[in-house]
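Hi everyone, thanks for making the time. Let me put the protein up on the screen, and then I'll walk you through it.

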Amino acid sequence: MKSASKVLYTIGKFFNVIEIVGELLVIIFAIIGMVNAPMMVEMMSGMENSMFATEAALKTTALGGLIGGIVALIISVVVMILAFRATNALDNGAVENGPHITMIVIGVIGGNIFYLLGGIFGLIAENTLSSAGA
């Protein structure tokens with residue numbers, strides 16, 4: 001169970017890295033949108049159904065993307081740190097249920113099946129290890 005938990009945590013961390021890259025791209029594009037808003041509005045002025053009729057509308061949308069991207073990036077980094085902590089808890093020789101329970105909660109709330117199953121298998125590994133040694 002310990003190795004299964006490690007593999008699932010590793011797969012979850014892989015997808016977490018993909019999330020972080022995507023969030024960084026959102027932040028970059030939002031900054032580009034804010035900086036180039038006047039030029040972009042001028043380019044879109046010839047379109048009939050332009051969503052961004054004014055520079056203020058484009059800047060507001062880009063600011064929303066920037067704020068959302070930063071918040072999502074912070075959450076993803078915290079989840080990644082917690083995943084590393086849970087992985088390390090499997091090898092430290094002590095029974096630590098907290099990191100695995102945290103990963104189960106993150107898996108349920110965030111919809112990451114790998115963290116959910118990794119946390120379940122981590123709990124089983126921790127508790128069978130402690131009962132086998134007793």
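**A walk through the helices**

Let's start at one spot: A86 is buried, with a relative accessible area of 0%. You'll find A86 in helix α3. Now look across to H100: the C-alpha atoms of A86 and H100 are separated by 5.8 Å, although the two are 14 residues apart along the chain.

Before we go further, please keep in mind that this is a predicted model.

Stepping back to the overall fold, the protein has 5 helices and 0 strands. So if you read from the N terminus on, the order of elements is simply α-α-α-α-α. As for burial, 33% of the 134 residues count as buried.

Next, helix α1. How far apart should the ends of α1 be, given its 34 residues? At 1.5 Å a residue, we expect a span of 50 Å, and the end C-alpha atoms are 49 Å apart, which agrees.

Which residues of α1 are buried? They are S5, L8, Y9, G12, K13, N16, I20, E23, I27, A30 and G33. While you look at that list, here is a handy reminder: an α-helix has 3.6 residues a turn, so residues three or four places apart point the same way.

Now for the charged contacts. How many salt bridges does a search of the whole structure find? The search finds 2. In one of them, D91 pairs with K2, and the closest N and O atoms are 3.8 Å apart. That pair links distant parts of the chain, with K2 in helix α1 and D91 in the loop between α3 and α4, 89 residues apart.

D91 also meets the side chain of K6 in a salt bridge, at 2.8 Å from N to O. Because K6 lies in helix α1 and D91 in the loop between α3 and α4, this pair ties together parts that are 85 residues apart in sequence. Through shared partners, the salt bridges join K2, K6 and D91 into one network.

Are these residues buried, exposed or in between? D91 is partly exposed, at a relative accessible area of 48%. K2 is partly exposed too, with 33%, and K6 counts as partly exposed at 26% relative accessibility.

Let's turn to the largest pocket, which has a volume of about 190 Å³. Which residues line it? The lining is made up of N16, E19, I75, S76, V79, V105, I106, I109, G110, N112 and Y115. Helices α1, α3 and α4 each supply at least two residues of that lining, and the largest share, 4 residues, comes from α4. Sorted by class, the lining of the largest pocket has 6 nonpolar, 4 polar and 1 charged residues. You may recognise N16 here: it is on the list of buried residues of α1 as well as in the pocket lining.

One more lining residue deserves a stop, and that is N112. Where does N112 sit? N112 lies in the loop between α4 and α5. N112 counts as buried, because its relative accessible area is 13% and the cut-off for buried is under 20%. Its side chain reaches the backbone nitrogen of F114 at 3.0 Å.

That's the tour, and I'm happy to go back to any part of it. Thanks for listening!

Methods. Residues numbered from 1 in each chain as written. Predicted model: local features only at pLDDT ≥ 70, side-chain atom pairs only at ≥ 80, totals over all residues. Heavy atoms only, no water. 1 Å grid on protein atoms, 1.4 Å probe; cavity = no way out; pocket = protein on both sides within 12 Å on 5 of 7 lines; lining within 4 Å. Points joined across faces, edges and corners; volume = space filled by probe spheres on them. Nonpolar A, V, L, I, M, F, W, Y, C, P; charged D, E, K, R; others polar. Expected span 1.5 Å × (residues − 1). Buried < 20%, exposed > 50% of the residue type's maximum accessible area, 1.4 Å probe, protein only. Salt bridge = Lys/Arg side-chain N within 4 Å of Asp/Glu carboxyl O. Polar contact = N/O pair within 3.5 Å; in protein donor to acceptor, adjacent residues only side chain to side chain.
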